[in-house]
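Here's a quick walk through the model, going from one well-covered strand out to the sheet, the helices on it and the aromatic side chains. Have the structure open while you read.

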Amino acid sequence: MKNLLIALILLAFFSVPAQSNDLKKILIIASNVEDMGDPDKHDARNNLWEYAPPYHVFVSHGYDVEFASPSGDVVPFMMEPVGISSYTIKYEGFLERANSSLAPDQIKPDEYAAVFIGGGYGTLFDVASNKKLLNVMAAIYEKGGVIGSSGHGAGGFANVKLSSGKFLVEGKQVAGFPDSTEKEKSWAKQGSLLPFFVEKQLRKNGARIINKDNIADKHDVIIDGRIVSTMFLPSAALVAKEMIILLEKSGKSKKPIPSAPI
């Protein structure tokens, strides 16, 4: 009788519906790079306005968010904290999380439902060529996870290969920073300081490019399967929301409920 009572208590405990603390985690990947390595030290930091608003969207929906970077620990940001960026820094622990980013070997892909990469040039220099991070992204995606990006962030997963040997982006519509705009701007000396152009690399690996040349509204978020992307900085928060909608539809937004021990 005593054993039966204990079994019923355990069954009741493990059968409680998942609450907000059962939500799976989202991994935000950022760069450790400060500049482009040129004598003038052109800025290559992560763009705060493409990281802080999505972080706010994730945590305000009850998700646990962790950061990762090629080297771990501190990730540098450009742009002044204004609006929601200021709010999430002050009240939601954005910088505390960002500056204690995980190194690739510390990441357990099974714990994450999605990956987000924001803009800023840094990811082109270190994330895009970091095989361990690329493998983490592939593992999360192949278990049904969602991949999201804004601006140059799509360059961070352009080189991800799946277990089939195909590139993650092959055959997928992906929005990212346009080559034509890159060549117009002095931010990276018309792109001459970059290891690669985002649009060109995506095309090379089989992506179907969406940019200002073939999109009606540059604010639009592009969703193709489980890849969510935008070319435009202000839409970074919209990418985060669309990622959550996909996760909730697929049931990937919650951790599996452990079964009662036998």
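Let's start at a single residue in this predicted model. Ala188 touches Met36, His42, Tyr121, Leu193 and Leu194, leaving aside residues up to four places away in sequence. Ala188 sits in the loop between helix H7 (179-184) and helix H8 (198-204). Is Ala188 buried or exposed? Ala188 is buried: its relative accessible area is 1%, and the cut-off for buried is under 20%. One of those contacts spans a long stretch of sequence: His42 is 146 residues away from Ala188 along the chain, yet their C-alpha atoms are separated by 6.6 Å.

That long reach shows up in the overall numbers too. Take the contacts in the protein with a separation of 6 or more: residues 24 or more positions apart account for 75% of them. The protein has 262 residues, and 50% of them count as buried. In secondary structure terms, you'll find nine helices and 10 strands.

**The sheet**

Six of the strands make an open sheet with mixed pairing, in the order S3-S1-S5-S6-S10-S9. Its edges are strand S3 (64-68) and strand S9 (222-224), each of which pairs on one side only. On average, neighbouring strands here are turned by 20° against each other, direction ignored.

Here are some of the strand pairings, each with a residue pair that you can pick out on screen.

| Strands | Direction | Bridges | Example pair |
|---|---|---|---|
| S1 and S5 | parallel | five | Leu27 and Val115 |
| S5 and S6 | parallel | four | Phe116 and Gly148 |
| S6 and S10 | parallel | four | Gly148 and Val228 |
| S9 and S10 | antiparallel | three | Asp224 and Ile227 |

Gly148 is a handy landmark, as it stands opposite Phe116 in S5 and opposite Val228 in S10. Between S5 and S6 you can also look at Ala114, whose bridge partner in S6 is Val146.

How many residues of S5 are buried? Six of the six are, so S5 is largely enclosed by the rest of the structure. S6 is mostly covered as well, with five of its five residues buried. From S6, Val146, Gly148 and Ser150 point one way while Ile147 and Ser149 point the other way, and all of them are buried.

**Helices on the sheet**

Which strands does helix H6 touch? Helix H6 (residues 131-142) packs on the sheet against strand S1 (25-29), S3, strand S5 (112-117), strand S6 (146-150) and S10, and its direction makes about 130° with that of S5. Helix H9 (residues 236-250) also packs on the sheet, touching S1, S5, S6, S9 and S10. The direction of H9 makes about 170° with that of S6.

H9 has a helix partner as well. H2 and H9 pack at an angle of about 35°, with their axes 7 Å apart, and the crossing is right-handed. On the H2 side of this contact are Trp49, Glu50, Pro53, Pro54, Val57 and Phe58. They meet Ala236, Ala237, Ala240, Lys241, Met243 and Ile244 in H9.

**Aromatic side chains**

Searching the whole structure turns up nine aromatic pairs. One of them is Tyr51 with Phe116: the ring centres are 6.2 Å apart and the planes are at 85°, so this pair is edge-to-face, the cut-off being over 60 degrees. It ties together distant parts of the chain, since Tyr51 is in helix H2 (residues 48-60) and Phe116 is in strand S5, 65 residues apart. Tyr51 is buried, with a relative accessible area of 0%, and Phe116 is buried with a relative accessible area of 0% too.

Both rings belong to one aromatic cluster, made up of Tyr51, Tyr55, Phe58, Phe67, Phe77, Phe94 and Phe116. Phe58 is also among the H2 residues that meet H9.

One more ring deserves a look. Where does Arg226 lie relative to Tyr141? Arg226 lies over the face of Tyr141, at 4.0 Å from the ring centre.

Terms used
Residues numbered from 1 in each chain as written. Predicted model: local features only at pLDDT ≥ 70, side-chain atom pairs only at ≥ 80, totals over all residues. Heavy atoms only, no water. Pairing = 2+ DSSP bridges. Helix = DSSP H or I, 4+ residues; strand = E, 2+ residues; numbered from the N terminus. Axes fitted to C-alpha atoms, helices over the stretch in contact; angles between N-to-C directions. Contact = heavy atoms within 4.5 Å. Phe/Tyr/Trp six-rings, centres within 6.5 Å; stacked < 30°, edge-to-face > 60°. Buried < 20%, exposed > 50% of the residue type's maximum accessible area, 1.4 Å probe, protein only. Lys NZ or Arg CZ within 6 Å of the ring centre and 35° of its normal. Left-handed = near helix turned anticlockwise from the far one by under 90°.
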